[in-house]
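Biologist: Hello! Please walk me closely through the charged pairs in this model and the helices that carry them. I'd like to follow along on the structure as you go.

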Amino acid sequence: MMLLTRRAACVARQHHLASLRAVAPPHARWRGLATARAGKSGATPAPARKASWASDEVRRLAEGGDVAKALDRARASRVDRSAWFSLLKALNRRATTHTIRGSRIPRMARLALTEMARQRTQPDSRDVTAAVNACVAAGEPSAGLDLFRRFGQDGDTRLRNAALRAANAADDFDEGGIILEGFEAWDDWTYAYAAQRLARKGDVDAVRRLVDTAPGGDGAAREVLRNALVRAHANCGDVDGAVEAASTLFPGALPARTRSVLSSLLSGSSAAGDAHLG
């Protein structure tokens with residue numbers, strides 16, 4: 001009886017060990033399961049890791065001022081929207097502080113927006129605004145207008161302001177009028193750039209109406225707007241009107257841009273007077 005009981009216990013124990021061996025996978029299988037579980041729990045796939053690394057690299061290069069290398073890196077590997085915007089902001093800074101000769105800045109801006117679209121990251125208003133401003137800062141406003149026509153027709157007020165500024169810088173009065181028709185709402189800078197546009201034509205009355213009706217919340221925009229009235233008088237050859245407008249609108253110290261307008265106007269008037277006397 002004891003022998004049978006021991007034998008039964010031994011058989012039961014062997015069955016139990018066999019069942020454990022059948023369930024327990026080998027070490028290689030454990031590693032495979034661990035990898036699969038890690039993947040399901042959110043581990044980054046290799047292509048996504050590569051894109052994230054490339055985006056970080058583009059941001060690092062752009063913030064360091066190496067715009068050309070940043071653009072090459074962004075074109076070589078798909079990067080995220082934030083990396084593209086960092087590149088475009090750096091391009092704008094580069095154009096503002098260290099003008100690159102020739103058409104390099106506009107070409108790089110166009111390449112950036114085109115590559116964004118190719119990577120299926122459609123440039124938004126913020127991206128196109130930075131590109132347009134970079135072209136204007138580089139002295140190529142017509143290139144900025146081309147970018148606006150291609151990528152920014154559905155842009156917001158800020159982008160349209162940038163395009164209107166580019167039209168003014170390019171002395172394209174008709175294009176400025178078309179851009180103004182697309183505004184749904186005007187802000188302080190819209191009034192300022194619209195006044196600049198009219199000042200180039202010497203339309204004093206129209207500029208004065210804008211000065212009188214503008215909200216005037218942004219100090220920098222208000223300065224540009226008021227200076228436009230001084231320039232409108234100057235472009236009409238109205239020395240007295242320009243001086244009166246400057247003293248009325250800027251009762252304190254005159255801004256640098258207004259001093260420049262008056263200086264050019266007064267020196268021209270003086271030269272004309274001397275010629276008449278001679």
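Modeller: Happy to! Start in helix α3, which runs over residues 46–63: Glu57 and Arg60 both sit there, three residues apart, or about one turn of the helix. Please keep in mind that this is a predicted model. The two side chains form a salt bridge, with the closest N and O atoms 2.7 Å apart. Look at how each partner meets the surface. Glu57 has a relative accessibility of 19%, so it counts as buried, the cut-off being under 20%. Arg60, in contrast, counts as exposed because its relative accessibility is 51%, and exposed means over 50%. Both values therefore fall close to the cut-offs, at 19% for Glu57 and 51% for Arg60, with the limits at 20% and 50%.

Now for a pair that reaches between helices. Arg81 makes a salt bridge with Asp127, and the closest N and O atoms there are 3.0 Å apart. Arg81 belongs to helix α5 (residues 81–97) and Asp127 to helix α7 (residues 125–137), so this pair ties together parts that lie 46 residues apart in sequence. As for cover, Asp127 is buried, at 0% relative accessibility, while Arg81 is partly exposed, with a relative accessible area of 29%.

A further bridge joins the side chains of Arg257 and Glu223, at 3.2 Å from N to O. Arg257 is part of helix α15 (residues 256–277) and Glu223 is part of helix α13 (residues 219–235), so this bridge connects parts 34 residues apart in sequence. Arg257 is partly exposed, with 38% relative accessible area, and Glu223 is partly exposed too, at 28%. Elsewhere, Asp56, Arg59 and Asp80 are joined into one network by salt bridges that share partners. A search of the whole structure finds ten salt bridges. As a general point, side chains of opposite charge can pair when their charged atoms come close.

Back to Asp127 and its helix, as α7 deserves a careful look. It has 13 residues, which at 1.5 Å a residue should span 18 Å, and the C-alpha atoms at its ends are 18 Å apart, so the two agree. The helix is mostly covered, with eleven of its 13 residues buried. Among them are Ser125, Asp127, Thr129 and Asn133, together with Val128, Ala130, Ala131, Val132 and Cys135. The cover for these buried residues includes α5, α6 (104–118), α8 (141–151) and α9 (157–169). So α5, the helix that holds Arg81, is also part of what covers α7. After α7 comes Gly139, which has a positive phi, near 80°.

Val132 takes us from α7 into the nonpolar interior. The largest nonpolar core has 75 residues, and Val132 is listed with Trp84, Leu87, Leu113, Leu147, Ile179 and Val207 as those with the most contacts inside it. Leaving aside residues up to four places away in sequence, Trp84 touches Leu71, Ala74, Val79, Ala112, Glu115, Met116 and Gln119. Ile179, another name from that list, is buried in helix α10 (residues 173–181), where Glu175, Gly176, Gly177 and Leu180 are buried as well. The buried residues of α10 pack against α8, α9 and α11 (188–200).

The loops beside these helices have something to show as well. Most residues other than glycine have a negative phi. Arg120 is not a glycine, yet its phi is positive, about 65°. You will find it in the loop between α6 and α7, where it counts as exposed because its relative accessibility is 75%. Asp171, also not a glycine, has a positive phi of about 55°. It lies in the loop between α9 and α10 and, at 55% relative accessibility, counts as exposed.

To place all this in the whole protein, there are 15 helices and zero strands. Of the 278 residues, 40% are buried. Among contacts with a separation of 6 or more, 61% are between residues 24 or more positions apart.

How values were computed:
Residues are numbered from 1 along each chain as its sequence is written. This is a predicted model: local features need pLDDT of at least 70, side-chain atom pairs count only at pLDDT 80 or more; totals for chains, interfaces and linings use all residues. Side-chain values use heavy atoms; hydrogens and water are left out. Helices (H or I, at least four residues) and strands (E, at least two) are DSSP runs, numbered from the N terminus. Buried means under 20% relative accessible area, exposed over 50%, partly exposed in between (1.4 Å probe, protein chains only). Contact means heavy atoms within 4.5 Å. A nonpolar core is a set of buried Ala, Val, Leu, Ile, Met, Phe, Trp, Tyr and Cys residues joined through side-chain atoms within 4.5 Å. A salt bridge is a side-chain nitrogen of Lys or Arg within 4 Å of a carboxyl oxygen of Asp or Glu. The expected span of a helix is 1.5 Å times one less than its number of residues.
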